[in-house]
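Hi,

Here is the structure I promised to send over. Have a look at it first, and my notes on what turned up are underneath.

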Amino acid sequence: MSKLVTIAVDAMSGDLGPAVAVRGSLEMLRNREELRLILVGDADTVRRNLGRLGKESRRVEIHHAEQVVSMEDTPSEALRRKKRSSMRVALELARSGEAQACVSAGNTGALMAIGRLILRMLPGIDRPAILAALPTLKGACYMLDLGANPVCTPTHLLQFAVMGSVIASINNVENPAIRLLNNGEEDIKGIETVQAAGALLGDSHLNYHGFVEPNDVFRHRADVVVCDGFTGNIALKTMEGSAQFVYAQMKSYFQTGWLSRAYGLACWPFLYTIQKRLDPNRHNGAALVGLNGIVIKSHGASNEVGWQQAIQLAMREVAKGLNERIQGVWSNLAA
């Protein structure tokens with residue numbers, strides 16, 4: 001057996017409750033014999049959802065935490081009043097070294113705030129960023145920041161580019177092409193911060209290719225797309241809304257009459273393949289990069305497949321030494 005990788009799971013997080021979080025985690029445990037889990041949350045609730053375990057019981061530990069960070073809690077409330085929450089305890093396990101990574105589907109703002117307090121930042125990195133892989137015509141591109149930092153300096157965007165390029169590299173992208181998200185590709189386009197960040201990237205040894213417009217992201221004009229958190233969050237939600245709109249339109253069309261239903265039935269194998277490929281659960285897991293520890297944010301509505309993907313992402317980042325690589329690249333760039 002390979003060396004065990006221990007992941008702390010915030011088992012009380014997610015819109016679908018502990019049952020889904022625990023089932024998804026256990027399914028991943030059964031598929032990966034090098035995985036060890038610490039399920040953090042109310043011990044009775046977690047134990048009740050575990051059911052009967054076979055040989056996997058040796059690789060599962062329950063760590064009691066009596067509080068839960070709700071989606072309604074502000075980051076400041078979570079910091080002050082939820083010091084024994086499952087989210088905070090899972091992060092503390094990552095800080096102490098008892099776990100090598102933390103996975104949570106809880107409140108994003110609280111996770112970022114508590115993560116920054118507990119784990120601190122990587123040396124040389126000013127701010128954490130939220131990074132996710134977006135499906136494209138040629139695979140996936142890695143986009144950040146998706147909401148952590150509404151206002152950024154050019155240096156912050158340079159740091160995001162470094163972290164994004166390392167993430168792409170550990171996912172087998174050779175010499176990742178980096179672009180800044182902008183309202184046009186021309187050199188004169190964009191606000192002063194984006195212009196200045198472009199100059200910094202152009203002077204670096206990173207594989208910088210200039211600006212990219214939002215409509216070209218899915219055409220895979222870049223392996224890594226960099227932006228501030230305000231722009232990134234709006235772009236991401238627009239993309240999600242557009243996908244939902246197209247799906248609703250197609251569903252509505254195929255239900256308008258017997259002929260359209262027949263067309264829908266004939267097209268179903270192709271539509272199912274597309275739906276499966278674009279299923280958010282199969283692309284689940286956003287990395288909170290820049291923290292001095294591995295933290296993965298699972299989508300709140302994640303099902304069992306989504307939880308498995310998030311845990312798998314955490315395992316990959318641990319196995320590839322993500323933070324050590326980020327520090328190495330940033331140190332060379334800053335030297």
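The largest cavity is lined by Ala287, Leu288, Val289, Gly290, Leu291, Gly293, Ile294, Val295, Glu317, Leu322 and Asn323. Keep in mind that this is a predicted model, so treat the cavity as a feature of the prediction. Its volume comes to about 50 Å³, and the count of cavities of 30 Å³ or more is one. Which elements supply the lining? At least two residues each come from β10 (286-289), β11 and α11 (322-334), with β10 giving the most, at three residues.

One of those lining residues, Val289, also turns up in the largest nonpolar core, where it is among the residues with the most contacts. That core has 101 residues, and the others on the most-contacts list are Ile7, Leu39, Leu91, Met143, Val226 and Ile311. Helix α6 (residues 154-170) is the element that gives the most to this core, with 10 residues. If you split the chain by domain, the core takes at least three residues from domain 1 (1-124 + 289-321) and at least three from domain 2 (125-281). As general background, nonpolar side chains in soluble globular proteins tend to be buried together.

Val226 is a handy place to start if you want to click around in the core. Beyond its neighbours within four places in sequence, Val226 is in contact with Leu144, Leu157, Phe160, Ala161, Ile178, Arg179, Leu180 and Leu181. Note that Arg179 is on that list too.

While you are in α6, look at His156, which is found in this helix. Is His156 buried or exposed? It is buried, because its relative accessible area is 7% and the cut-off for buried is under 20%. Leaving out its neighbours within four places in sequence, His156 is in contact with Asp126 and Arg127.

Now the strands. Six of the six residues of β1 are buried, so this strand is largely enclosed by the rest of the structure. Val5, Ile7 and Val9 point one way from β1, while Thr6, Ala8 and Asp10 point the other way. On one side of the pairing pattern, β1 runs parallel to strand β2 (residues 35-41), joined by six bridges; there, Asp10 has Val40 as its bridge partner. Strand β1 (residues 5-10) also pairs with β4 in the parallel sense, over three bridges, and in that pairing Ile7 is matched with Ala101.

Strand β4 (residues 101-104) is covered on both faces: Ala101 and Val103 are buried on one side, Cys102 and Ser104 on the other. Besides β1, β4 has a parallel pairing with strand β11 (residues 294-297), over four bridges, in which Cys102 is partnered by Val295. Val295 brings us back to the cavity, since this residue is part of its lining.

Last item: helix α4. What fraction of helix α4 (residues 86-96) is buried? Eight of its 11 residues are, so to speak, mostly covered. The buried ones are Ser86, Met87, Arg88, Val89, Ala90, Leu91, Leu93 and Ala94, and Leu91 is also among the core residues with the most contacts. After α4 comes Gly97, with a positive phi near 95°.

Cheers

Note on methods
Residues numbered from 1 in each chain as written. Predicted model: local features only at pLDDT ≥ 70, side-chain atom pairs only at ≥ 80, totals over all residues. Heavy atoms only, no water. Core = buried A, V, L, I, M, F, W, Y, C linked by side-chain atoms within 4.5 Å. Buried < 20%, exposed > 50% of the residue type's maximum accessible area, 1.4 Å probe, protein only. Domains from an automatic or database assignment. Contact = heavy atoms within 4.5 Å. Pairing = 2+ DSSP bridges. 1 Å grid on protein atoms, 1.4 Å probe; cavity = no way out; pocket = protein on both sides within 12 Å on 5 of 7 lines; lining within 4 Å. Points joined across faces, edges and corners; volume = space filled by probe spheres on them.
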